[in-house]
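Here are some short exercises to work through with the structure open beside you. Try each task yourself before you read the solution.

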Amino acid sequence: MNTKAITILIADDDEDDRLLTQDALIESRVLNTLYSVEDGVELLEYLNREGKYQDKAISPRPDLILLDLNMPRKDGREALKEIKSNPELKGIPVVILTTSKQEEDKVKGYNLGAASYITKPVNFEGLVELMKTLGKYWIEFVEFPVSEDK
């Protein structure tokens with residue numbers, strides 16, 4: 001069974017949600033390195049190594065992106081569309097993690113290439129349980145191609 005640490009990038013404009021996700025990942029004992037950005041513009045800068053993200057040491061290529069849909073400047077839908085239309089980035093799995101329960105968002109998310117669509121749990125315990133499950137799936141079961149570009 002594969003249990004190597006993976007690099008997770010979370011894109012969420014809510015600082016509390018980012019911190020709760022980080023705490024939930026720690027609490028669930030998921031092997032990972034977590035990086036975060038605040039909106040879709042920053043997400044694309046990180047992925048394309050632009051601006052403050054030019055150094056690979058501070059912006060390694062993520063194995064998994066946790067993406068909120070409702071963010072300022074560039075929302076998750078627009079960012080997902082750009083990621084999946086870029087040959088360099090489209091292989092990175094994107095899990096939509098959002099408060100939106102709209103059917104239209106689910107359909108659009110999957111049509112744009114999201115690997116999963118998950119509604120954020122309402123409490124910390126639910127988030128810890130979700131991170132345990134996500135961790136088990138993405139870290140223990142999924143096999144990622146070896147990337148030269150870490």
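**Exercise 1: The sheet**

In what order do the 5 strands of the open sheet lie, and what pairing do they have?

*Solution.* Keep in mind that this is a predicted model.

Step 1. Reading across the open sheet, the order is β2-β1-β3-β4-β5, and the pairing is parallel.

Step 2. Look at the ends of that order. β2 (32–37) and β5 (116–119) are the edge strands; each has a single partner strand, so one side of each is left without a neighbour in the sheet.

Step 3. Add the twist: on average, neighbouring strands of this sheet are turned by 20 degrees against each other, direction ignored.

Step 4. Bring in a helix. Helix α3 (residues 76–85) packs on the sheet and touches β3 (64–67) and β4 (94–98). The direction of α3 makes about 180 degrees with that of β4.

**Exercise 2: Matching residues across strands**

Find the residues that stand opposite isoleucine 6 and isoleucine 10 in β2, then follow the pairing on to β3 and β4.

*Solution.*

Step 1. Start with strand β1 (residues 6–11), which is joined to β2 by 6 bridges, the two running parallel. Isoleucine 6 faces asparagine 32 across this pairing, and isoleucine 10 stands opposite serine 36.

Step 2. Move to the pairing of β1 with β3: here 4 bridges join the parallel strands. Alanine 11 stands opposite leucine 67 in β3.

Step 3. Continue from leucine 67, which stands opposite isoleucine 96 in β4. The parallel strands β3 and β4 are joined by 3 bridges.

**Exercise 3: Buried strands and a covered helix**

Which residues of β1 point one way, and which the other? Then do the same for β4, and look at what covers α2.

*Solution.*

Step 1. Recall a general rule: in a regular strand, side chains alternate between the two faces of the sheet.

Step 2. Apply the idea to β1. Ile6, Ile8 and Ile10 point one way, while Thr7, Leu9 and Ala11 point the other way, and all are buried. With 6 of its 6 residues buried, β1 is therefore largely enclosed by the rest of the structure. The cut-off for "buried" is a relative accessible area under 20%.

Step 3. Repeat for β4, where 5 of its 5 residues are buried. Val94, Ile96 and Thr98 lie on one side and Val95 and Leu97 on the other, so to speak of both faces of β4 as covered is right.

Step 4. Turn to helix α2 (residues 40–47), which is mostly covered, with 6 of its 8 residues buried. These are Gly40, Glu42, Leu43, Leu44, Tyr46 and Leu47. The cover over the buried residues of α2 includes β1, β2, β3 and α3.

**Exercise 4: The cavity**

How many cavities of 30 Å³ or more does a search of the whole structure find, and which residues lie closest to the centre of the largest?

*Solution.*

Step 1. The search finds 1 cavity of 30 Å³ or more. The largest cavity has a volume of about 50 Å³.

Step 2. Of the 11 residues in its lining, Ile8, Leu25, Leu64, Leu134 and Gly135 are the closest to the centre.

Step 3. Sort the lining by element. β1, β3 and α5 each give two or more residues to the lining of the largest cavity, and α5 gives the most, with 5 residues.

Step 4. Sort the lining by type: 10 residues are nonpolar, 1 is polar and none is charged.

Step 5. Take a closer look at leucine 25, found in helix α1. Leucine 25 is buried, with a relative accessible area of 3%. Its C-alpha atom is separated by 7.3 Å from that of lysine 132, although the two residues are 107 residues apart along the chain.

**Exercise 5: A pocket**

Describe the second largest pocket by its volume, its lining residues and their types.

*Solution.*

Step 1. The second largest pocket holds about 160 Å³ of space.

Step 2. It is lined by 15 residues, and Asp17, Leu20, Lys120, Pro121 and Leu127 are the closest to its centre.

Step 3. The elements giving two or more residues to this lining are β1, α1 (15–27) and α5 (124–141). α1 gives the most, with 3 residues.

Step 4. By type, the lining of the second largest pocket divides into 9 nonpolar, 2 polar and 4 charged residues.

Terms used
Residues are numbered from 1 along each chain as its sequence is written. This is a predicted model: local features need pLDDT of at least 70, side-chain atom pairs count only at pLDDT 80 or more; totals for chains, interfaces and linings use all residues. Side-chain values use heavy atoms; hydrogens and water are left out. Two strands pair if DSSP finds at least two bridges between them. Axes are lines fitted to C-alpha atoms, for helices over the stretch in contact, and angles run from 0 to 180 degrees between N-to-C directions. Contact means heavy atoms within 4.5 Å. On a 1 Å grid over the protein atoms alone, a cavity is a set of points where a 1.4 Å probe fits but cannot get out, and a pocket is an open set with protein on both sides within 12 Å along at least five of seven lines; lining residues have an atom within 4 Å of a point. Grid points are joined across faces, edges and corners, and a volume is the space filled by probe spheres set on the points. Ala, Val, Leu, Ile, Met, Phe, Trp, Tyr, Cys and Pro count as nonpolar, Asp, Glu, Lys and Arg as charged, and the others, Gly among them, as polar. Buried means under 20% relative accessible area, exposed over 50%, partly exposed in between (1.4 Å probe, protein chains only).
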